[in-house]
Amino acid sequence: MSAIFPKWTNRLPLMVLIGGGMTATAVVAGVWYYFTPKYTYVGYQPLQPVAFSHATHVEQLGMDCRYCHSAVEKSWFSNIPSASTCMNCHNQVLKDDPRLALVRESAATGKPIPWVQIHRMPDFVYFNHAVHVNRGISCVECHGPVHKMDEVWHAQPLSMSFCLDCHRDPAAKIRPLDKITDLDWKWSEDPNVAAQQQRTQGEKLVRDWRVESLDNCSACHR
Amino acid sequence: MAEVAANIPVPPTPPELMREPLVRNNRSFAWISDRVAAITEGKAPAWWWAAFIPSFALLCLLVAMLAYQISTGVGVWGNNHPVMWGWDIINFVWWIGIGHAGTLISAILFLLRQRWRTAVNRAAEAMTIFAVMCAGIFPAMHVGRVWFDWWLFPIPNFQGLWPQFRSPLMWDVFAVSTYFTVSVLFWYVGLIPDLATLRDRAKTRLRQFIYGVLALGWTGSNRHWSNYEKAYLILAGLSTPLVLSVHSIVSLDFAVSQLPGWHTTIFPPYFVAGAIFSGFGMVLTLLIPLRSMCKLEDIITMRHIDVMCKVTLATGSIVGYAYGMEFFIAWYSGSLYERFAFINRALGPYWWGYWLMIICNVVVPQLFWFKRVRHTLWVVFILSILVNVGMWFERFVIVVISLHREFLPANWGYFKPTWVDICTYLGTFGLFFTCFLLFLRFLPMIAISEVKGVTPQADPHHPLAKPNGGHHG
């Protein structure tokens with residue numbers, strides 16, 4: 001036997017065991033971290049054809065989300081405004097600014113501005129904006145602090161467990177209907193009070209509005 | 001030897017207790033080692049190549065079919081409303097059933113001290129492992145998007161999903177994977193002493209190295225044997241419930257649903273009997289040509305064939321009883337749908353499938369009552385193939401005939417397989433026989449050390465037994 005295998009091979013089983021265990025752990029940890037939407041989607045920030053700043057329009061000018069995304073309360077789809085919406089103001093404000101050339105052209109010709117889509121739902125998922133917005137789920141819960149973004153980026157993973165976390169406990173996220181587009185709103189400045197309020201008031205809202213927050217498969221995969 | 005034998009008085013065995021020995025012609029221990037190990041040594045015989053080349057071609061066909069199915073989608077199979085389970089599930093149940101004989105022979109017959117098992121257990125266990133591999137392909141593929149198969153396992157994931165443990169399909173995943181793992185372990189542990197034999201006989205450095213690694217440093221010391229036998233016994237104990245559990249759980253895939261023809265409590269025992277029936281059929285199909293090709297007639301004797309025919313007869317009769325009982329219950333239940341399902345089986349559009357099953361599974365094994373039949377090898381060989389034809393049609397009857405007639409006549413249909421269904425099924429034979437032929441060529445197909453233990457001269461009372469055994473002090 002010793003003619004075939006040198007003495008150090010006696011330690012081989014232990015080395016294989018430890019090495020294999022470490023490799024397996026590394027693979028699992030790697031997949032866990034790198035192969036989930038938390039890593040692959042969050043932070044996605046494509047350059048848009050027009051340097052539109054949500055921060056300027058919402059934080060500085062105090063515009064409401066629904067001025068532009070006007071269908072969000074009525075439709076499953078939250079629309080990207082057409083250029084004519086922009087021109088309501090921009091035919092007066094910065095009317096000759098070269099940064100808005102594409103907007104003016106789009107308004108004149110009717111050819112849409114080629115915005116790059118950031119939040120993309122797979123086609124096997126049914127998602128309805130109106131249902132969420134009308135039952136106290138704020139824009140900020142899925143889209144993040146858009147009102148502070150100059151260039152919009154993907155703030156939340158929007159993975160299936162992201163949806164399910166809320167569907168399994170909507171009271172943790174629900175808020176009064178008039179605060180839906182007030183993205184900075186909190187129940188209280190004191191974080192402890194805010195958390196407590198969220199729980200008690202949230203559960204009351206879920207009860208009062210009969211929020212179903214279905215978590216069966218065909219609620220979303222229809 | 002001879003003079004020692006003369007010194008020990010051996011009372012003659014009374015003729016009524018005489019049994020045909022398990023190894024014939026007083027073959028010596030060395031002869032057994034030589035004969036079995038020689039199959040793996042030297043050049044591969046012509047019959048091996050003649051079998052291997054078509055098998056490998058079929059394996060390539062399987063790979064091509066699976067690649068086509070994965071890249072195109074499950075629509076390439078004939079499964080469609082109302083027959084949503086087709087050849088995929090038929091083939092899965094058929095292959096996994098075949099696998100059952102291996103574990104029964106290796107575990108249950110070991111615990112029951114059936115010493116004849118030693119000649120056939122190694123090949124039967126190999127057959128089990130390869131059959132389970134073939135079986136596993138079908139459920140893994142029929143989900144369509146195979147790259148999500150890992151969702152079947154309870155791994156925390158970004159979907160926030162957990163397997164549905166109340167579903168028998170989930171139980172199946174664990175039953176089959178446990179069965180495969182334990183079968184492989186059992187097979188491997190049994191191989192260790194024989195791998196050491198091959199290592200010690202090896203002429204080339206490469207063979208020494210490979211068999212040396214596989215033999216895990218086996219020296220044949222008393223301590224090794226003691227540990228080995230304990231491990232083997234424990235694994236036999238672990239495998240024994242698996243023989244019964246795996247096919248019971250497979251049957252629950254059907255029995256838990258509400259479909260007439262599936263929703264019956266008789267399914268678990270009836271499936272287990274059918275599985276053992278088909279498994280022994282396959283063992284006979286494989287071993288009858290092998291024993292003459294490899295010149296192993298003295299180890300796999302007519303007594304072995306005879307015993308396996310009797311097991312086939314017994315399990316075939318249980319299966320036949322179950323078929324009858326299904327019809328009785330369909331009548332006795334008073335349920336219109338249940339009655340319709342069973343009358344439709346025998347007289348509906350798939351009547352030919354049902355009667356093929358009855359002929360092959362109920363009528364054919366009854367021929368094994370006759371000793372003449374059990375001792376005519378070519379007859380046994382043909383009957384053993386018919387057994388598995390019948391068992392395939394049993395699953396066809398259960399899966400397709402039950403599904404093609406629904407509660408609503410608007411949903412009635414007729415199932416036809418596609419060419420991909422047929423080629424995938426043929427391809428699994430390629431996988432099975434390629435693996436089995438490689439096993440024959442590279443591993444000892446008979447448990448050498450165990451067969452030595454059941455030779456007549458291994459009995460300390462035998463005249464040819466070693467004189468220095470000294471078990472009388």
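B:Pro82 sits in the loop of chain B that runs between helix H3 (46–72) and helix H4 (87–98), where helices are DSSP runs of H or I with at least four residues, strands are runs of E with at least two, and both are numbered from the N terminus. The peptide bond that joins B:His81 to B:Pro82 is cis, with omega at about 0 degrees.

This is a predicted model, in which local features need pLDDT of at least 70 and side-chain atom pairs count only at pLDDT 80 or more, while totals for chains, interfaces and linings use all residues. Residues are numbered from 1 along each chain as its sequence is written, and chains are lettered from A and ligands numbered from 1 in the order in which they are written.

Chain B as a whole has 17 helices and zero strands. Its radius of gyration, taken over C-alpha atoms, is 24 Å, close to the 23 Å that the globule rule (2.2 Å times the number of residues to the power 0.38) gives for 473 residues, so chain B is as compact as a globular protein of that length. Along the principal axes, the C-alpha atoms of chain B fill a box of roughly 85 × 55 × 40 Å.

Of the 473 residues of chain B, 40% count as buried, meaning that 20 or more other C-beta atoms, placed from the backbone, lie within 10 Å of the residue's own, whereas 12 or fewer make a residue exposed and counts in between make it partly exposed. The largest nonpolar core, a set of buried Ala, Val, Leu, Ile, Met, Phe, Trp, Tyr and Cys residues joined through C-beta atoms within 7 Å, has 120 residues, and B:Ile96, B:Met127, B:Ala131, B:Val283 and B:Ile446 are those with the most contacts inside it. Beyond its neighbours within four places in sequence, B:Ala131 is in contact (C-beta atoms, placed from the backbone, within 7 Å) with residues including B:Trp95, B:Gly99 and B:Phe432. A second, separate core of nine residues has A:Val72, A:Val133, A:Val140 and A:Leu183 among its members.

Between the chains, seven residues of chain B are in contact with nine residues of chain A.

Two residues other than glycine have a positive phi, as tabulated here.

| Residue | Phi | Loop between | C-beta neighbours inside 10 Å |
|---|---|---|---|
| A:Ser213 | about 40 degrees | H10 (191–208) and H11 (217–220) of chain A | 19, partly exposed |
| B:Lys295 | near 55 degrees | H10 (267–293) and H11 (302–333) of chain B | 11, exposed |

How values were computed: Two residues are in contact if their C-beta atoms, placed from the backbone, lie within 7 Å.
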